Amino acid sequence: MAQQEFALDPPQHADTVPKWLDTGACVLRGLAIARAVEMIADIRRIARGAPFRRMPTPGGGVMSVAMTCCGAAGWCSDSHGYRYVARDPRTDRPWPPLPDTWRDLATRAATLAGYEGFVPDTCLINGYRPGARMGLHQDRDERLDAPVVSLSFGLPAVFRWGGPRRTDPLRRIPLLHGDVVVWGGPSRLVFHGIAPLRPGAHPVTGPCRYNLTFRRVWQGDE
Ligand code: SIN
Ligand code: FE2
């Protein structure tokens with residue numbers, strides 16, 4: 001059917017051997033699948049304390065993706081720009097804690113990708129509904145000497161993966177329920193984004209995709 005470019009079926013097994021996109025960047029297909037149901041319940045619990053919100057952009061628009069965060073730092077966008085803050089500006093409370101089980105999975109994914117000792121201090125949680133997208137960007141507001149670990153749950157998406165310049169050619173990488181992407185080192189500042197989410201319903205998340213990105217924002221042990 002025209003609506004789906006690729007199967008909705010989750011992978012049958014979890015890859016522990018990376019598929020390399022570029023030096024320093026890889027996909028670990030299905031690595032998070034065994035934890036999906038538990039992590040989606042965690043997302044819903046976290047969102048009760050720090051609700052999903054569509055943030056304003058410095059350019060005067062509103063992001064189509066709804067976001068929340070957990071951990072020591074949370075990413076915020078507003079008319080002044082982008083930054084990490086220790087408290088949720090909507091509630092004036094600290095962000096909900098980053099679950100230990102999440103941290104351990106991110107550390108394991110980073111290790112499989114060759115980044116030993118990655119300990120994230122934040123997780124950005126993105127909620128995509130059909131039509132939501134993320135424009136081409138670099139992740140550059142956090143520490144650049146640590147990788148980004150990204151987990152996808154729910155509806156499939158097309159990850160646009162470019163190069164160090166905005167004008168570099170883009171590849172289209174399907175990301176399915178349970179897939180993990182890790183990028184760091186020479187690929188840390190590669191431009192990337194998400195194509196508009198196609199309509200659909202996923203057995204676990206319904207008409208929604210969740211993306212979790214784990215990052216190291218601040219130095220030292222929190
Ligand atoms: C991001 O680029 O920060 C999120 C990507 C995604 O939703 O997979
Ligand atoms: Fe990003």
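**T205 in the loop between β14 and β15.** Strands, like helices, are numbered from the N terminus and are DSSP runs (E, at least two residues, for strands; H or I, at least four, for helices). The model is predicted: local features need pLDDT of at least 70 and side-chain atom pairs count only at pLDDT 80 or more, while totals for chains, interfaces and linings use all residues. Side-chain values use heavy atoms, with hydrogens and water left out, residues are numbered from 1 along each chain as its sequence is written, and chains are lettered from A and ligands numbered from 1 in the order in which they are written. T205 counts as buried because its relative accessibility is 7%; buried means under 20% relative accessible area, exposed over 50%, and partly exposed in between (1.4 Å probe, protein chains only). A polar atom of the T205 side chain lies 2.8 Å from the backbone oxygen of C208. This is a polar contact, the term for a pair of N or O atoms within 3.5 Å; within protein, one atom must be able to donate a hydrogen and the other to accept it, and residues adjacent in sequence count only if both atoms are side-chain atoms.

**H202, also in the loop between β14 and β15.** With a relative accessibility of 6%, H202 is buried. The H202 side chain places a polar atom 2.9 Å from the backbone nitrogen of V204. From H202 to D168 the C-alpha separation is 33 Å, and the two are 34 residues apart in sequence.

**Ligand 1 and its polar contacts with H137, H192 and R215.** An N or O atom in the H192 side chain is 3.0 Å from an oxygen atom of ligand 1. For the H137 side chain, the corresponding distance to a ligand 1 oxygen is 3.1 Å. R215 has a polar side-chain atom 3.2 Å from an oxygen atom of ligand 1. Of the 260 Å² of accessible area that ligand 1 has on its own, 97% is covered by the protein. Accessible areas come from the Shrake-Rupley method with a 1.4 Å probe; for residues, only the protein chains shown count as cover.

**The pocket of ligand 1 and the shell that surrounds it.** The largest pocket holds ligand 1. A pocket is an open set of points, on a 1 Å grid over the protein atoms alone, with protein on both sides within 12 Å along at least five of seven lines; a cavity is a set where a 1.4 Å probe fits but cannot get out, and lining residues have an atom within 4 Å of a point. A molecule sits in either if more than half of its atoms lie within 2 Å of its grid points. Two or more shell residues come from each of β8 (122-128), β9 (134-137), β14 (192-194) and β15 (209-215). The most come from β15, with 3 residues. Around ligand 1 (a heavy atom within 4 Å of it) are N126, Y128, M134, H137, D139, H192, I194, R209, N211 and R215. By class, the shell has 3 nonpolar, 4 polar and 3 charged residues. Ala, Val, Leu, Ile, Met, Phe, Trp, Tyr, Cys and Pro count as nonpolar, Asp, Glu, Lys and Arg as charged, and the others, Gly among them, as polar.

**Two glycines in strands: G193 in β14 and G135 in β9.** G193 is buried at 2% relative accessibility, whereas G135 is partly exposed at 31%. G193 has its C-alpha atom 5.9 Å from that of F159, 34 residues apart along the chain. G135 and P58, 77 residues apart in sequence, have a C-alpha to C-alpha distance of 14 Å.

**Loop residues on either side of β13: H177 and S187.** H177 belongs to the loop between β12 (171-175) and β13. It is buried, at 6% relative accessibility. A polar atom of the H177 side chain is 2.9 Å from the backbone nitrogen of G154. S187 belongs to the loop between β13 (180-183) and β14. S187 is buried because its relative accessible area is 2%. The C-alpha atoms of S187 and D145 are 11 Å apart, with their positions 42 residues apart in sequence.

**D92 in the loop between β6 (87-88) and β7 (93-94).** D92 is not a glycine, yet its phi is positive, at about 60°. Most residues other than glycine have a negative phi. D92 is exposed because its relative accessible area is 52%.
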